[in-house]
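Hi there,

I'm passing this structure on to you, as promised. Have a look at it first, and then read on for what turned up.

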Amino acid sequence: MGPVKCLKTVPAQVHAHQSFHANDVSDAPVLPGPKNILIGAKEDASKSLKDLLEISKQILTENDRGGYTIPAKGLYPYQWNWDSALVALGWATLNEGRAWEELEKLFSAQWEDGLVPHIVFHQPSPTYFPGPEIWGSVQQPMGSTGITQPPVAAITVRNLYETAVNKDLALQKAKELFPMILAWHRWFQSARDPEGTGLVATLHPWESGMDNSPAWDDALHNVPVDQIPPYVRQDLGHVDSAMRPKKDEYDRYLTLLYRFRAVNYDCKQLYFLSPFRVTDLCTNSVLYRANLDLRWLAVELGQGENVKEIDGWIEKARDAFDTLYDAEEGLYKCKDQLTGKLVAAKTSAGFLPLFARVASASQAADLARTLERWLNRVKHSIPSCDPEAPNFEPLRYWRGPVWAIINWMITDGLRAYGFEDLACRIEADTYELLLSHGISEYYNPVTGAAAGGKLFSWTAAMCLAWLSKG
(Lines give C-alpha, C1' and ligand atoms only; values in the text may rest on other atoms or scores of the structure.)
Protein backbone atom coordinates (compact mmCIF):
# COMPACT_ATOMS: atom_id res chain seq x y z
CA MET A 1 0.00 0.00 0.00
CA GLY A 2 2.98 2.28 0.50
CA PRO A 3 3.80 5.02 2.96
CA VAL A 4 1.78 8.17 3.46
CA LYS A 5 3.00 10.93 1.16
CA CYS A 6 0.69 13.78 2.11
CA LEU A 7 0.66 13.70 5.89
CA LYS A 8 2.05 17.20 6.17
CA THR A 9 -1.17 18.53 4.63
CA VAL A 10 -3.29 16.95 7.38
CA PRO A 11 -3.88 18.89 10.60
CA ALA A 12 -2.14 17.34 13.59
CA GLN A 13 -5.43 17.52 15.46
CA VAL A 14 -8.98 18.57 14.78
CA HIS A 15 -10.58 21.57 16.41
CA ALA A 16 -12.10 20.97 19.80
CA HIS A 17 -15.59 21.94 18.66
CA GLN A 18 -15.73 19.09 16.13
CA SER A 19 -17.39 15.90 17.33
CA PHE A 20 -15.58 12.56 17.31
CA HIS A 21 -18.52 10.79 15.73
CA ALA A 22 -21.76 11.88 14.15
CA ASN A 23 -23.52 9.36 16.38
CA ASP A 24 -23.33 9.51 20.16
CA VAL A 25 -20.67 7.08 21.33
CA SER A 26 -22.40 6.45 24.64
CA ASP A 27 -23.10 2.89 23.48
CA ALA A 28 -19.48 2.27 22.52
CA PRO A 29 -18.05 -0.85 24.14
CA VAL A 30 -15.78 -0.55 27.14
CA LEU A 31 -12.37 -1.59 25.90
CA PRO A 32 -9.48 -3.03 27.88
CA GLY A 33 -6.39 -1.04 28.78
CA PRO A 34 -5.42 1.85 31.00
CA LYS A 35 -6.84 4.49 28.68
CA ASN A 36 -10.16 3.92 26.99
CA ILE A 37 -9.76 6.13 23.94
CA LEU A 38 -13.20 5.48 22.50
CA ILE A 39 -14.89 6.68 25.67
CA GLY A 40 -12.34 9.45 26.12
CA ALA A 41 -13.18 10.74 22.67
CA LYS A 42 -16.64 11.68 23.91
CA GLU A 43 -15.06 13.95 26.51
CA ASP A 44 -12.22 15.31 24.38
CA ALA A 45 -12.84 15.63 20.65
CA SER A 46 -9.32 16.83 19.85
CA LYS A 47 -7.70 13.66 18.62
CA SER A 48 -4.20 13.32 17.24
CA LEU A 49 -3.17 10.91 14.52
CA LYS A 50 -1.58 8.76 17.21
CA ASP A 51 -4.91 8.52 19.02
CA LEU A 52 -6.71 7.72 15.78
CA LEU A 53 -4.36 4.84 15.15
CA GLU A 54 -4.92 3.56 18.69
CA ILE A 55 -8.67 3.72 18.16
CA SER A 56 -8.29 1.77 14.92
CA LYS A 57 -6.26 -0.92 16.68
CA GLN A 58 -8.91 -1.24 19.37
CA ILE A 59 -11.68 -1.52 16.77
CA LEU A 60 -9.97 -4.45 15.07
CA THR A 61 -9.33 -6.08 18.45
CA GLU A 62 -12.95 -5.65 19.53
CA ASN A 63 -14.28 -6.95 16.22
CA ASP A 64 -11.95 -9.98 16.20
CA ARG A 65 -13.90 -13.22 16.50
CA GLY A 66 -11.00 -15.62 16.67
CA GLY A 67 -9.29 -15.69 13.30
CA TYR A 68 -11.78 -13.52 11.45
CA THR A 69 -13.02 -9.96 11.86
CA ILE A 70 -16.63 -8.84 11.70
CA PRO A 71 -17.20 -5.51 9.95
CA ALA A 72 -19.26 -4.04 12.81
CA LYS A 73 -21.09 -5.30 15.87
CA GLY A 74 -24.76 -6.08 15.39
CA LEU A 75 -25.09 -4.80 11.84
CA TYR A 76 -22.60 -7.23 10.27
CA PRO A 77 -21.92 -10.17 12.66
CA TYR A 78 -20.25 -12.56 10.18
CA GLN A 79 -17.14 -12.68 7.99
CA TRP A 80 -17.49 -10.74 4.75
CA ASN A 81 -15.27 -11.58 1.80
CA TRP A 82 -13.72 -8.34 0.57
CA ASP A 83 -13.99 -6.79 4.03
CA SER A 84 -11.69 -9.49 5.40
CA ALA A 85 -9.17 -9.17 2.58
CA LEU A 86 -8.94 -5.42 3.23
CA VAL A 87 -8.95 -5.82 7.02
CA ALA A 88 -5.94 -8.13 6.70
CA LEU A 89 -3.95 -5.11 5.49
CA GLY A 90 -4.70 -3.41 8.79
CA TRP A 91 -3.89 -6.50 10.84
CA ALA A 92 -0.51 -6.71 9.10
CA THR A 93 0.56 -3.48 10.82
CA LEU A 94 -0.19 -5.09 14.20
CA ASN A 95 0.43 -8.81 13.82
CA GLU A 96 1.50 -10.45 10.57
CA GLY A 97 0.41 -13.89 11.70
CA ARG A 98 -3.07 -12.59 12.45
CA ALA A 99 -3.27 -11.00 9.00
CA TRP A 100 -2.54 -14.34 7.31
CA GLU A 101 -5.06 -16.03 9.60
CA GLU A 102 -7.79 -13.67 8.37
CA LEU A 103 -7.28 -14.90 4.83
CA GLU A 104 -6.96 -18.54 5.86
CA LYS A 105 -10.28 -18.33 7.67
CA LEU A 106 -11.95 -16.85 4.61
CA PHE A 107 -10.61 -19.54 2.29
CA SER A 108 -11.62 -22.26 4.74
CA ALA A 109 -15.12 -21.73 3.34
CA GLN A 110 -14.11 -22.09 -0.32
CA TRP A 111 -16.45 -24.31 -2.31
CA GLU A 112 -15.29 -27.33 -4.31
CA ASP A 113 -15.87 -25.44 -7.57
CA GLY A 114 -13.57 -22.59 -6.44
CA LEU A 115 -16.16 -20.05 -5.28
CA VAL A 116 -15.20 -18.00 -2.25
CA PRO A 117 -18.54 -16.85 -0.78
CA HIS A 118 -19.42 -13.30 0.05
CA ILE A 119 -20.41 -14.14 3.66
CA VAL A 120 -19.21 -16.98 5.87
CA PHE A 121 -21.53 -17.89 8.77
CA HIS A 122 -18.99 -19.06 11.32
CA GLN A 123 -21.43 -18.84 14.24
CA PRO A 124 -25.15 -18.04 14.58
CA SER A 125 -26.36 -14.49 15.14
CA PRO A 126 -29.89 -13.10 15.52
CA THR A 127 -28.87 -9.59 14.41
CA TYR A 128 -28.56 -10.14 10.64
CA PHE A 129 -30.97 -10.97 7.82
CA PRO A 130 -30.79 -12.97 5.60
CA GLY A 131 -28.77 -15.46 7.60
CA PRO A 132 -27.84 -19.10 6.97
CA GLU A 133 -31.40 -20.34 7.40
CA ILE A 134 -32.41 -18.30 4.32
CA TRP A 135 -29.31 -19.03 2.24
CA GLY A 136 -29.55 -22.78 2.94
CA SER A 137 -29.82 -24.86 -0.18
CA VAL A 138 -32.83 -27.00 -1.00
CA GLN A 139 -31.03 -30.07 0.32
CA GLN A 140 -29.19 -28.76 3.37
CA PRO A 141 -28.29 -25.63 5.34
CA MET A 142 -25.11 -23.93 4.23
CA GLY A 143 -22.27 -22.34 6.15
CA SER A 144 -22.06 -19.50 3.66
CA THR A 145 -23.88 -17.57 1.01
CA GLY A 146 -23.93 -18.87 -2.56
CA ILE A 147 -22.55 -15.77 -4.28
CA THR A 148 -19.18 -14.01 -4.19
CA GLN A 149 -17.65 -10.50 -3.93
CA PRO A 150 -14.83 -8.50 -5.57
CA PRO A 151 -11.71 -10.72 -5.33
CA VAL A 152 -9.30 -8.59 -3.30
CA ALA A 153 -7.38 -11.55 -1.82
CA ALA A 154 -4.56 -11.78 -4.38
CA ILE A 155 -3.89 -8.06 -4.01
CA THR A 156 -3.64 -8.45 -0.25
CA VAL A 157 -1.43 -11.54 -0.42
CA ARG A 158 1.08 -9.78 -2.63
CA ASN A 159 1.06 -6.77 -0.29
CA LEU A 160 1.57 -8.93 2.80
CA TYR A 161 4.30 -10.92 1.06
CA GLU A 162 6.24 -7.89 -0.17
CA THR A 163 6.07 -5.97 3.12
CA ALA A 164 6.57 -8.93 5.47
CA VAL A 165 9.05 -8.76 8.31
CA ASN A 166 8.72 -12.51 8.83
CA LYS A 167 9.75 -13.61 5.34
CA ASP A 168 9.62 -17.32 6.11
CA LEU A 169 6.04 -17.10 7.35
CA ALA A 170 5.04 -14.99 4.36
CA LEU A 171 6.53 -17.49 1.92
CA GLN A 172 4.79 -20.40 3.63
CA LYS A 173 1.39 -18.72 3.77
CA ALA A 174 1.55 -17.31 0.25
CA LYS A 175 2.38 -20.77 -1.11
CA GLU A 176 -0.56 -22.28 0.79
CA LEU A 177 -3.02 -19.63 -0.39
CA PHE A 178 -1.87 -19.41 -4.01
CA PRO A 179 -3.68 -22.52 -5.33
CA MET A 180 -6.88 -21.50 -3.57
CA ILE A 181 -6.78 -18.01 -5.06
CA LEU A 182 -5.99 -19.45 -8.49
CA ALA A 183 -9.02 -21.76 -8.18
CA TRP A 184 -11.22 -18.77 -7.30
CA HIS A 185 -10.00 -16.79 -10.30
CA ARG A 186 -10.63 -19.81 -12.51
CA TRP A 187 -14.15 -19.96 -11.07
CA PHE A 188 -14.72 -16.36 -12.17
CA GLN A 189 -13.74 -17.28 -15.73
CA SER A 190 -15.96 -20.37 -15.94
CA ALA A 191 -18.93 -19.35 -13.78
CA ARG A 192 -19.17 -15.63 -14.56
CA ASP A 193 -17.78 -15.45 -18.11
CA PRO A 194 -18.74 -18.76 -19.73
CA GLU A 195 -19.06 -17.02 -23.12
CA GLY A 196 -15.45 -15.82 -23.00
CA THR A 197 -16.09 -12.08 -23.32
CA GLY A 198 -13.12 -11.14 -21.14
CA LEU A 199 -15.27 -9.44 -18.49
CA VAL A 200 -17.08 -11.31 -15.73
CA ALA A 201 -20.74 -10.95 -14.87
CA THR A 202 -22.25 -9.97 -11.55
CA LEU A 203 -25.53 -11.80 -10.93
CA HIS A 204 -26.68 -10.16 -7.70
CA PRO A 205 -26.17 -6.58 -6.46
CA TRP A 206 -24.67 -8.02 -3.26
CA GLU A 207 -21.90 -9.60 -5.34
CA SER A 208 -20.74 -6.16 -6.41
CA GLY A 209 -20.14 -4.99 -2.84
CA MET A 210 -21.98 -1.80 -3.89
CA ASP A 211 -25.45 -3.13 -3.20
CA ASN A 212 -27.72 -0.21 -4.07
CA SER A 213 -25.49 1.65 -6.52
CA PRO A 214 -27.41 3.79 -9.03
CA ALA A 215 -25.68 1.67 -11.66
CA TRP A 216 -28.11 -1.16 -10.84
CA ASP A 217 -31.36 0.83 -10.87
CA ASP A 218 -32.61 -0.15 -14.32
CA ALA A 219 -31.31 -3.71 -14.30
CA LEU A 220 -32.76 -4.36 -10.85
CA HIS A 221 -36.08 -2.77 -11.79
CA ASN A 222 -36.35 -5.36 -14.56
CA VAL A 223 -36.22 -8.20 -12.01
CA PRO A 224 -39.81 -9.31 -11.35
CA VAL A 225 -40.65 -9.68 -7.66
CA ASP A 226 -41.65 -13.25 -6.85
CA GLN A 227 -43.97 -14.43 -4.09
CA ILE A 228 -41.23 -14.45 -1.48
CA PRO A 229 -41.81 -15.35 2.17
CA PRO A 230 -42.47 -12.43 4.52
CA TYR A 231 -39.34 -11.07 6.14
CA VAL A 232 -38.11 -8.62 8.74
CA ARG A 233 -34.99 -6.62 7.99
CA GLN A 234 -32.53 -6.52 10.85
CA ASP A 235 -30.34 -3.75 9.39
CA LEU A 236 -32.95 -1.09 10.14
CA GLY A 237 -32.63 -1.90 13.84
CA HIS A 238 -29.01 -0.77 13.71
CA VAL A 239 -28.95 2.03 11.12
CA ASP A 240 -31.44 4.71 10.13
CA SER A 241 -33.51 3.72 7.08
CA ALA A 242 -32.37 6.91 5.29
CA MET A 243 -28.90 5.34 5.08
CA ARG A 244 -29.96 1.93 3.76
CA PRO A 245 -31.38 0.35 0.57
CA LYS A 246 -35.14 0.63 0.14
CA LYS A 247 -37.74 -2.12 0.51
CA ASP A 248 -38.40 -2.55 -3.21
CA GLU A 249 -34.68 -3.19 -3.68
CA TYR A 250 -34.69 -5.75 -0.86
CA ASP A 251 -37.68 -7.53 -2.41
CA ARG A 252 -35.65 -8.01 -5.57
CA TYR A 253 -32.47 -8.96 -3.68
CA LEU A 254 -34.45 -11.74 -2.02
CA THR A 255 -36.19 -12.76 -5.23
CA LEU A 256 -32.77 -13.39 -6.76
CA LEU A 257 -31.60 -15.23 -3.63
CA TYR A 258 -34.55 -17.62 -3.66
CA ARG A 259 -34.18 -18.26 -7.40
CA PHE A 260 -30.49 -19.05 -6.96
CA ARG A 261 -31.22 -21.27 -3.98
CA ALA A 262 -33.83 -23.21 -5.97
CA VAL A 263 -31.07 -24.50 -8.27
CA ASN A 264 -28.66 -25.01 -5.38
CA TYR A 265 -26.45 -22.15 -6.61
CA ASP A 266 -25.34 -24.23 -9.58
CA CYS A 267 -22.95 -21.87 -11.36
CA LYS A 268 -23.55 -23.63 -14.69
CA GLN A 269 -27.18 -22.47 -14.52
CA LEU A 270 -27.05 -19.13 -12.71
CA TYR A 271 -25.36 -17.15 -15.47
CA PHE A 272 -28.13 -18.00 -17.91
CA LEU A 273 -31.15 -17.96 -15.60
CA SER A 274 -30.48 -14.80 -13.58
CA PRO A 275 -32.74 -11.87 -14.57
CA PHE A 276 -30.00 -9.58 -13.25
CA ARG A 277 -26.67 -9.79 -15.10
CA VAL A 278 -24.35 -6.82 -15.26
CA THR A 279 -20.72 -6.01 -15.95
CA ASP A 280 -19.64 -4.40 -12.69
CA LEU A 281 -16.66 -2.08 -12.91
CA CYS A 282 -15.62 -2.67 -9.31
CA THR A 283 -15.53 -6.45 -9.62
CA ASN A 284 -13.80 -6.40 -13.00
CA SER A 285 -11.27 -3.74 -11.98
CA VAL A 286 -10.41 -5.59 -8.78
CA LEU A 287 -10.18 -8.90 -10.68
CA TYR A 288 -7.90 -7.40 -13.32
CA ARG A 289 -5.57 -5.96 -10.67
CA ALA A 290 -5.78 -9.23 -8.73
CA ASN A 291 -4.77 -11.16 -11.86
CA LEU A 292 -1.72 -8.91 -12.26
CA ASP A 293 -0.78 -9.63 -8.66
CA LEU A 294 -1.57 -13.34 -9.01
CA ARG A 295 0.78 -13.46 -12.00
CA TRP A 296 3.48 -11.77 -9.93
CA LEU A 297 2.96 -14.30 -7.15
CA ALA A 298 3.13 -17.19 -9.62
CA VAL A 299 6.57 -16.07 -10.76
CA GLU A 300 7.77 -15.26 -7.23
CA LEU A 301 6.55 -18.55 -5.74
CA GLY A 302 7.86 -20.79 -8.49
CA GLN A 303 4.42 -21.41 -10.02
CA GLY A 304 5.44 -20.32 -13.50
CA GLU A 305 3.39 -23.03 -15.19
CA ASN A 306 0.28 -20.94 -14.40
CA VAL A 307 1.55 -17.70 -15.96
CA LYS A 308 0.31 -18.42 -19.49
CA GLU A 309 -3.23 -19.06 -18.26
CA ILE A 310 -3.27 -15.87 -16.19
CA ASP A 311 -1.82 -13.88 -19.09
CA GLY A 312 -4.72 -15.05 -21.23
CA TRP A 313 -7.23 -13.65 -18.74
CA ILE A 314 -5.37 -10.35 -18.55
CA GLU A 315 -5.05 -9.88 -22.30
CA LYS A 316 -8.70 -10.66 -23.03
CA ALA A 317 -9.93 -8.36 -20.25
CA ARG A 318 -7.62 -5.52 -21.32
CA ASP A 319 -9.26 -5.35 -24.73
CA ALA A 320 -12.77 -5.71 -23.31
CA PHE A 321 -12.42 -2.83 -20.85
CA ASP A 322 -12.46 -0.34 -23.73
CA THR A 323 -16.09 -1.29 -24.39
CA LEU A 324 -16.98 0.23 -21.00
CA TYR A 325 -15.35 3.62 -21.60
CA ASP A 326 -17.60 6.62 -22.28
CA ALA A 327 -15.30 9.17 -23.94
CA GLU A 328 -17.90 11.96 -23.84
CA GLU A 329 -18.30 11.62 -20.07
CA GLY A 330 -14.62 10.93 -19.42
CA LEU A 331 -15.62 7.95 -17.27
CA TYR A 332 -15.95 4.18 -17.39
CA LYS A 333 -19.47 2.81 -16.97
CA CYS A 334 -21.04 -0.49 -16.00
CA LYS A 335 -23.05 -2.45 -18.53
CA ASP A 336 -26.36 -4.30 -18.43
CA GLN A 337 -25.43 -7.57 -20.12
CA LEU A 338 -29.05 -8.48 -20.84
CA THR A 339 -29.65 -5.30 -22.88
CA GLY A 340 -26.07 -4.81 -24.05
CA LYS A 341 -26.16 -1.13 -23.09
CA LEU A 342 -23.89 0.92 -20.88
CA VAL A 343 -25.77 2.17 -17.84
CA ALA A 344 -26.31 5.91 -17.57
CA ALA A 345 -25.30 6.19 -13.92
CA LYS A 346 -21.94 7.80 -13.16
CA THR A 347 -20.40 6.19 -10.08
CA SER A 348 -17.05 6.13 -8.29
CA ALA A 349 -16.51 2.63 -9.68
CA GLY A 350 -15.93 4.41 -13.00
CA PHE A 351 -12.50 5.49 -11.72
CA LEU A 352 -11.39 2.02 -10.60
CA PRO A 353 -9.78 1.07 -13.93
CA LEU A 354 -6.99 3.32 -12.63
CA PHE A 355 -6.56 0.91 -9.72
CA ALA A 356 -6.60 -1.95 -12.22
CA ARG A 357 -3.90 -0.25 -14.37
CA VAL A 358 -6.04 -0.96 -17.42
CA ALA A 359 -6.78 2.63 -18.52
CA SER A 360 -4.67 4.21 -21.27
CA ALA A 361 -2.72 7.40 -20.52
CA SER A 362 -5.32 9.55 -22.30
CA GLN A 363 -8.20 7.81 -20.54
CA ALA A 364 -6.45 8.30 -17.21
CA ALA A 365 -6.12 12.02 -17.92
CA ASP A 366 -9.83 12.22 -18.72
CA LEU A 367 -10.68 10.34 -15.53
CA ALA A 368 -8.55 12.73 -13.47
CA ARG A 369 -10.34 15.74 -14.96
CA THR A 370 -13.74 14.19 -14.32
CA LEU A 371 -12.76 13.36 -10.76
CA GLU A 372 -11.60 16.92 -10.11
CA ARG A 373 -14.98 18.21 -11.26
CA TRP A 374 -16.70 15.88 -8.80
CA LEU A 375 -14.45 16.95 -5.94
CA ASN A 376 -15.08 20.63 -6.60
CA ARG A 377 -18.81 20.06 -6.04
CA VAL A 378 -18.60 18.50 -2.56
CA LYS A 379 -16.73 19.23 0.64
CA HIS A 380 -15.42 15.69 1.18
CA SER A 381 -14.09 13.20 -1.34
CA ILE A 382 -14.84 10.88 -3.06
CA PRO A 383 -18.64 10.71 -3.42
CA SER A 384 -19.83 7.33 -4.63
CA CYS A 385 -21.76 8.85 -7.51
CA ASP A 386 -21.77 12.10 -9.46
CA PRO A 387 -22.90 14.79 -6.97
CA GLU A 388 -24.78 16.62 -9.72
CA ALA A 389 -26.76 13.56 -10.77
CA PRO A 390 -30.46 13.41 -9.87
CA ASN A 391 -29.95 10.06 -8.12
CA PHE A 392 -27.25 11.43 -5.78
CA GLU A 393 -28.15 10.78 -2.13
CA PRO A 394 -25.35 11.83 0.24
CA LEU A 395 -26.45 9.54 3.09
CA ARG A 396 -27.80 6.42 1.39
CA TYR A 397 -25.18 3.68 1.32
CA TRP A 398 -23.65 3.48 -2.20
CA ARG A 399 -25.72 6.30 -3.71
CA GLY A 400 -23.49 9.17 -2.60
CA PRO A 401 -21.43 8.59 0.57
CA VAL A 402 -17.65 8.56 0.84
CA TRP A 403 -15.96 5.19 1.46
CA ALA A 404 -12.36 5.07 2.68
CA ILE A 405 -11.62 1.81 0.84
CA ILE A 406 -12.63 3.31 -2.51
CA ASN A 407 -10.56 6.42 -1.77
CA TRP A 408 -7.54 4.18 -1.20
CA MET A 409 -8.09 2.26 -4.44
CA ILE A 410 -8.55 5.41 -6.51
CA THR A 411 -5.57 7.26 -5.00
CA ASP A 412 -3.45 4.15 -5.59
CA GLY A 413 -4.49 4.28 -9.23
CA LEU A 414 -3.94 8.02 -9.58
CA ARG A 415 -0.38 7.66 -8.31
CA ALA A 416 0.31 4.86 -10.78
CA TYR A 417 -0.58 7.26 -13.61
CA GLY A 418 1.37 10.21 -12.21
CA PHE A 419 -1.47 12.28 -10.72
CA GLU A 420 0.30 12.82 -7.41
CA ASP A 421 -1.31 16.15 -6.51
CA LEU A 422 -4.83 14.82 -6.96
CA ALA A 423 -3.97 11.68 -5.02
CA CYS A 424 -2.58 13.82 -2.19
CA ARG A 425 -5.72 15.94 -2.16
CA ILE A 426 -7.96 12.89 -1.73
CA GLU A 427 -5.67 11.20 0.77
CA ALA A 428 -5.38 14.31 2.95
CA ASP A 429 -9.13 14.83 2.76
CA THR A 430 -9.72 11.24 3.85
CA TYR A 431 -7.44 11.62 6.88
CA GLU A 432 -9.09 14.86 7.93
CA LEU A 433 -12.51 13.23 7.58
CA LEU A 434 -11.53 10.34 9.86
CA LEU A 435 -9.87 12.66 12.36
CA SER A 436 -12.93 14.89 12.50
CA HIS A 437 -15.71 12.31 12.42
CA GLY A 438 -14.27 9.00 13.63
CA ILE A 439 -14.04 5.49 12.24
CA SER A 440 -17.37 4.77 10.60
CA GLU A 441 -18.67 2.76 7.67
CA TYR A 442 -19.07 5.72 5.32
CA TYR A 443 -19.49 9.51 5.34
CA ASN A 444 -21.70 12.25 3.97
CA PRO A 445 -19.65 13.98 1.24
CA VAL A 446 -21.51 17.26 1.78
CA THR A 447 -21.28 17.58 5.57
CA GLY A 448 -18.70 14.94 6.50
CA ALA A 449 -21.08 13.35 8.99
CA ALA A 450 -20.32 9.72 9.81
CA ALA A 451 -22.98 7.27 8.67
CA GLY A 452 -23.77 3.57 8.57
CA GLY A 453 -22.15 1.19 11.04
CA LYS A 454 -20.04 2.52 13.89
CA LEU A 455 -16.49 1.49 14.77
CA PHE A 456 -16.08 -0.08 11.36
CA SER A 457 -13.32 -2.59 10.67
CA TRP A 458 -12.29 -1.87 7.11
CA THR A 459 -12.19 1.88 7.74
CA ALA A 460 -9.98 1.21 10.77
CA ALA A 461 -7.80 -1.06 8.63
CA MET A 462 -7.39 1.61 5.97
CA CYS A 463 -6.38 4.07 8.67
CA LEU A 464 -3.74 1.69 9.99
CA ALA A 465 -2.44 0.63 6.59
CA TRP A 466 -2.03 4.24 5.47
CA LEU A 467 -1.17 6.20 8.61
CA SER A 468 0.97 3.74 10.53
CA LYS A 469 3.61 3.97 7.82
CA GLY A 470 3.77 7.75 7.81
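Two strands pair if DSSP finds at least two bridges between them. With that in mind, start at strands β8 (residues 440-443) and β9, which pair in the antiparallel sense over three bridges. Within this pair, Y443 stands opposite A450 of β9. The hairpin that the two strands form has six residues between them, and G448 takes a positive phi near 85° there. Is β9 mostly covered or mostly uncovered? Strand β9, residues 450-454, is mostly covered, with four of its five residues buried.

Please keep in mind that this is a predicted model. Now for the overall picture. The protein has 18 helices and nine strands. Of its 470 residues, 62% are buried. About 17500 Å² of the protein is exposed, and carbon and sulfur atoms supply 50% of that area. Looking at contacts between residues at least 6 apart in sequence, 72% join residues that are at least 24 apart.

Next, a pair of helices. The axes of α3 (residues 81-91) and α4 (residues 96-107) come within 8 Å and cross at roughly 170°. Angles over 145 degrees count as roughly antiparallel, and α3 and α4 are therefore roughly antiparallel to each other. On the α3 side, the contact is made by N81, S84, A85, V87, A88 and W91. On the α4 side, E96, R98, A99, E102, L103 and L106 take part.

The charged side chains are worth some of your time too. Side chains of opposite charge can pair when their charged atoms come close. How many salt bridges does the structure hold? There are 30 salt bridges in the structure, and here are three to look up.

One is between E207 and R192, with the closest N and O atoms 2.7 Å apart. E207 belongs to helix α8 (residues 205-208) and R192 to helix α7 (residues 167-192), so this pair ties together parts that are 15 residues apart in sequence. Both E207 and R192 are buried.

Another joins the side chains of D226 and R259, at 2.8 Å from N to O. D226 sits in the loop between α9 (217-221) and α10 (247-262), while R259 is in helix α10, so the pair ties together parts 33 residues apart in sequence. D226 counts as partly exposed because its relative accessibility is 27%. R259 likewise counts as partly exposed, at 26% relative accessibility.

Then there is the salt bridge between the side chains of K346 and E329, at 3.6 Å from N to O. Here K346 lies in the loop between β7 (341-342) and α14 (353-356), and E329 in the loop between β4 (325-326) and β5 (331-332), so the pair ties together parts 17 residues apart in sequence. K346 counts as partly exposed at 23% relative accessibility, and E329 is partly exposed with a relative accessible area of 29%.

Which residues are linked with K346 and E329 in a network of salt bridges? The network also takes in D326, K333, R377, D386 and E388.

I hope this helps you find your way around. Do write back if you have any questions.

Best wishes

Conventions: Residues are numbered from 1 along each chain as its sequence is written. This is a predicted model: local features need pLDDT of at least 70, side-chain atom pairs count only at pLDDT 80 or more; totals for chains, interfaces and linings use all residues. Side-chain values use heavy atoms; hydrogens and water are left out. A salt bridge is a side-chain nitrogen of Lys or Arg within 4 Å of a carboxyl oxygen of Asp or Glu. Buried means under 20% relative accessible area, exposed over 50%, partly exposed in between (1.4 Å probe, protein chains only). Contact means heavy atoms within 4.5 Å. Accessible areas come from the Shrake-Rupley method with a 1.4 Å probe; for residues, only the protein chains shown count as cover. Axes are lines fitted to C-alpha atoms, for helices over the stretch in contact, and angles run from 0 to 180 degrees between N-to-C directions. Angles under 35 degrees count as roughly parallel, over 145 as roughly antiparallel, 65 to 115 as roughly perpendicular and the rest as oblique.
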